[in-house]
Amino acid sequence: MNRRGFLSATLPAAWACTSLPGLARAADLASTLRLEVGAPPGGGTDFVARALAMGMTAELKRNIVVENKPGAGGNIAANAVAQARGDASTLLVAYTSFAINPSIQDDLPYDPLHSFTPISLAATSPLILVCHPDLPVKNTAELLDYARKHPKTLSIAGAGLGSASQMAGEMFKVQAKLDIVSVPYKGAAPAVQDILGRQVHLLMSDMATVQPLLRSGKLKPLGVSTPEPLAAYPGVQPISQVLPGFNYRTWYGLFAPGGISEDLANALEKAASASVKDPKIEQRLKTEGLDPVGSNREEFTAFINAEMKRWQAVAAATGVRMS
């Protein structure tokens, strides 16, 4: 499906939950489930996937294995799940790129309308603009002033092509009219390593990836992507205070392949939602700066519809394309 055709479509309410013959039950799940993750270990997506694996193992009484398949903006992992149509043992933990890719890539290797069954929105997270402590700025306003006085000297990492990190970072440049270099990475973890090594200056990151480094002082926070300040960092100003209207979040959700039965989809939804709402896992997510959700399938489908429209506008404003 080309990009124009996809973006003119509306996701069906049930999103292709075609029933298999007969009634399926949670007991029909394989003894081992695989969570495919389109990001390398160490980032927010990987963290959420492992939290889900822990909770769903207990809920479903099944072994759950997390498999990292980074690259192509999450498309490698997504395509692996798309090819497993009807197989509820192969699941996808996707992130914001799932809703961004149709706006920046003409020919996806799968059909996003029918290749997946949305299960549950697991968590969301503000993005936070960070830098190495050596950069001589303390907040977003000072960064803008410094960047304008030193054009072409700063660089900003993008944690994966088509990621919320990259897209929000590009919108930051566009809104602020900054002349800084964009450096794409295959995930958040390698981007962070290069900031620590002073090879790149800035990163718009999800909270889970950088929280330990912020606590230890190895990274410096400059601004948050949501209008509300973060409780854990009350002194870090929202970027919208200097760039009005700037408001972005990243998210993490669970998908099954298309073609699974309603019974199995419902069983997975129940397990995923219960996992996120388990007090221990909920606290674990919150500790890493994530906001647990645990939505139902209908809510998640509506959320994806809204996100695709939102990021389509961002892609048009920034001109970002996935080659």
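These legends describe close-up views of a predicted model.

**View 1. Helices H2 and H10 pack side by side in opposite senses, roughly antiparallel.** Helix H2 covers residues 44–60, and helix H10 covers residues 279–287. Their axes are 10 Å apart. The packing angle is about 175°. Angles over 145 degrees count as roughly antiparallel, so H2 and H10 are described that way. On the H2 side, the contact is made by Phe47, Val48, Ala51, Met54 and Gly55. On the H10 side, Ile281, Arg284 and Leu285 take part. By class, this contact has six nonpolar residues, one polar and one charged.

**View 2. Helix H9 meets helix H10 roughly at right angles, in a perpendicular arrangement.** Helix H9 runs through residues 262–277. The axes of H9 and H10 come within 5 Å. They cross at roughly 65°, which makes H9 roughly perpendicular to H10. Ser275, Val276 and Lys277 are the H9 residues in this contact. They meet Pro279, Ile281, Glu282 and Leu285 of H10. The contact of H9 with H10 divides into four nonpolar, one polar and two charged residues. Look again at Ile281 and Leu285: both appear in the contact with H2 and in the contact with H9.

**View 3. Trp251 and Phe303 form an edge-to-face aromatic pair.** A search of the whole structure finds ten aromatic pairs. This view shows one of them, with ring centres 5.6 Å apart and 85° between the planes. Trp251 lies in strand E9, residues 249–257. Phe303 lies in helix H11, residues 297–318. The pair therefore ties together parts that are 52 residues apart in sequence. Trp251 has 1% relative accessibility, so Trp251 counts as buried. Phe303 has 23%, so Phe303 counts as partly exposed.

**View 4. Phe255 and Phe300 form a tilted aromatic pair.** The ring centres are 5.0 Å apart. The planes meet at 50°, so the pair is tilted. Phe255 belongs to strand E9 and Phe300 to helix H11. The two residues are 45 apart, and the pair links distant parts of the chain. Phe255 is buried, at 0% relative accessibility. Phe300 is buried too, with a relative accessible area of 0%.

**View 5. Ring pairs link several aromatic residues into a cluster.** The members are Phe98, Tyr110, Phe116, Trp251, Phe255, Phe300 and Phe303. The pair of Trp251 with Phe303 is edge-to-face. The pair of Phe255 with Phe300 is tilted.

**View 6. The charged end of Arg310 sits over the ring of Trp311.** The distance from that charged end to the ring centre is 5.9 Å.

**View 7. Lys173 is a buried residue of helix H6.** Helix H6 spans residues 164–176. Lys173 has a relative accessible area of 13%. Buried means under 20%, so Lys173 falls in that class. Leave aside its neighbours within four places in sequence. Lys173 is then in contact with Ile156, Leu178, Ile180, Val181 and Ser182.

**View 8. Glu170 is a buried residue of helix H6.** The relative accessible area of Glu170 is 13%. Not counting residues up to four places away in sequence, Glu170 touches Ser182, Thr318 and Val320. Ser182 is in contact with Lys173 and with Glu170.

Terms used:
Residues are numbered from 1 along each chain as its sequence is written. This is a predicted model: local features need pLDDT of at least 70, side-chain atom pairs count only at pLDDT 80 or more; totals for chains, interfaces and linings use all residues. Side-chain values use heavy atoms; hydrogens and water are left out. Axes are lines fitted to C-alpha atoms, for helices over the stretch in contact, and angles run from 0 to 180 degrees between N-to-C directions. Helices (H or I, at least four residues) and strands (E, at least two) are DSSP runs, numbered from the N terminus. Angles under 35 degrees count as roughly parallel, over 145 as roughly antiparallel, 65 to 115 as roughly perpendicular and the rest as oblique. Contact means heavy atoms within 4.5 Å. Ala, Val, Leu, Ile, Met, Phe, Trp, Tyr, Cys and Pro count as nonpolar, Asp, Glu, Lys and Arg as charged, and the others, Gly among them, as polar. Rings of Phe, Tyr and Trp (its six-membered ring) pair if their centres lie within 6.5 Å; planes under 30 degrees apart count as stacked, over 60 as edge-to-face and the rest as tilted. Buried means under 20% relative accessible area, exposed over 50%, partly exposed in between (1.4 Å probe, protein chains only). A charge sits over a ring if NZ of Lys or CZ of Arg is within 6 Å of the ring centre and within 35 degrees of the ring normal.
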